[in-house]
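Colleague: I would like to take a close look at one part of this model, the open sheet and what lies around it. Could you walk me through that part slowly, beginning with the chain as a whole?

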Amino acid sequence: MLLERMRDIETTLLHGGIDGDGRTGAVNVPIYQTSTYKQIRLGEHTGYEYSRTGNPTREALEKLIAELEGGARGFAFASGMAAITAILTLFKTGDKVLISNNVYGGTFRVLDKIFSNFGLEYEFVDTTGSGIDGSIKDDIENKLTAPVKALLIESPANPLMTVTDIAAAADIAKRHGVLTIVDNTFMSPYLQRPIELGADIVLHSATKYLGGHSDLIAGLAVTADEVLGEKLHFIQNATGGILQPFDSFLLIRGIKTLGVRLDRHQENALYAAEWLQKHPGVARVYYPGLPGDAGYEIQKRQANGPGGMLSFELNGGWDHEAFINGLSLVTLAESLGGVESLICQPSSMTHASIPEDIRKKIHITEKLIRFSVGIENKHDIVADLRQALDGARRAS
Ligand SMILES: Cc1ncc(COP(=O)(O)O)c(C=O)c1O
């Protein structure tokens, strides 16, 4: 029966790509910890020559992510930044990349401090439809000058959880012959599949939800078509930022439980968001799962849920530093998407590489707190928030 219908993503998470090991019957893909492969005779090999070019464990992961994202080819890199760097080398001197306001600080930094040395330019654009020109069409279209070759979107964007209508943005980009690249780290293919919405390339910091256990650094990229896939494969092999076999195995293992983890992450995030919203110490909650949130409707339309990330600001009567330092279950740390709840201050941590004046413009103030809601018992999470807020109240 299963073969007569398209498999659901919950099943593909476990059995997608190359499932198990045909040679031995092992139910898991083996870790091929090898740099090179014995050739059959001169000019004839098994399909594998050297592990930078191809490795069976990495290949199983690459096929899996391509299938999950509904793309043609998948690629695994040593980190999310290595994936972003490889993608950006598709472009050349004089080209320009438009990036969503609020993209990950490291994406901004690599463009601002590394690619600018090679003449690849970038510019911020409001892709949410609430920018100065007032509509997603005008905001993006007004910046689509001749050198622009790509539009790089994060949705929901880090850390204000601003939502972009991916299909609308990709449609505008396509009409101008511009590639749409989506950083899908916050959603994962379980919740959002940007290629179905018109994106040309999807990327992940697989360090986050895909890995899911805060125990590895990895990046993934998927191209919608073979032509872009060939180009990216050439770049991956030529520049060498590949994911190692053991980490590829860990990531395949993490992906198997992505669905059940994300279901719980979302349940807990909604519970925490609603609780925070009612607390007198909280001035504002940013979470696209709340009906009043600016991105609520678009998120509902284009994704299968709001995800496990939220941000919030405290009222003046509460000290944000005392609050963060007063947490005991929720851990102060960079990163997100692991099973444990993590909290951070984007202005001094994840987004510190963005200059202060730009940070202010895009509303990343020191009062902003980002919360990666884990899969612990939701009542324990909220109890920790409550006690830390109680301790952070300023004497009046
Ligand atoms: C949205 C997003 N994209 C990319 C990255 C970079 O990924 P990595 O840390 O795996 O290099 C991060 C890291 O935090 C991220 O949050």
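Modeller: The radius of gyration used here is taken over C-alpha atoms, and the globule rule to compare it with is 2.2 Å times the number of residues to the power 0.38. Please keep in mind that this is a predicted model. With 396 residues, a compact globule would have a radius of gyration near 21 Å, and because the chain has 21 Å, the two agree. Along the principal axes, the C-alpha atoms of the chain fill a box of roughly 80 × 50 × 40 Å, and 47% of the 396 residues count as buried. The chain has 14 helices and twelve strands, and of its contacts with a separation of 6 or more, 72% are between residues 24 or more positions apart.

Now to the sheet itself. Strands of a sheet pair through backbone hydrogen bonds, in either a parallel or an antiparallel way. The open sheet here has seven strands in the order β1-β7-β6-β5-β4-β2-β3, and its pairing is mixed. At its edges stand β1 (73–77) and β3 (121–125), each of which pairs on one side only. Neighbouring strands of this sheet are turned against each other by 20° on average, with direction ignored.

If we begin at the β3 edge, strand β2 (residues 96–100) pairs with β3 in the parallel sense over five bridges, and lysine 96 stands opposite glutamate 121 in β3. Helix α6 (residues 166–175) packs on the sheet, where it touches β4 (148–154) and β5 (179–183), and the direction of α6 makes about 150° with that of β5.

Towards the other edge we come to strand β7 (residues 219–223), which is mostly covered, since five of its five residues are buried. Both faces of β7 are covered, with Gly219, Ala221 and Thr223 buried on one side and Leu220 and Val222 buried on the other. Strand β7 runs antiparallel to β1, to which five bridges join it, and here glycine 74 stands opposite valine 222 in β7. Strand β6 (residues 201–205) is also joined to β7 by five bridges, and this pair runs antiparallel, with isoleucine 201 opposite threonine 223 in β7.

Finally, there is the ligand to consider. Of the 13 residues around the ligand, those that come nearest are Ser79, Gly80, Met81, Tyr104 and Ser205, and the shell divides into three nonpolar, eight polar and two charged residues.

Note on methods: Residues numbered from 1 in each chain as written. Predicted model: local features only at pLDDT ≥ 70, side-chain atom pairs only at ≥ 80, totals over all residues. Near = placed C-beta within 6 Å. Nonpolar A, V, L, I, M, F, W, Y, C, P; charged D, E, K, R; others polar. Helix = DSSP H or I, 4+ residues; strand = E, 2+ residues; numbered from the N terminus. Buried ≥ 20, exposed ≤ 12 C-beta atoms within 10 Å, placed from the backbone. Contact = placed C-beta atoms within 7 Å. Pairing = 2+ DSSP bridges. Axes fitted to C-alpha atoms, helices over the stretch in contact; angles between N-to-C directions.
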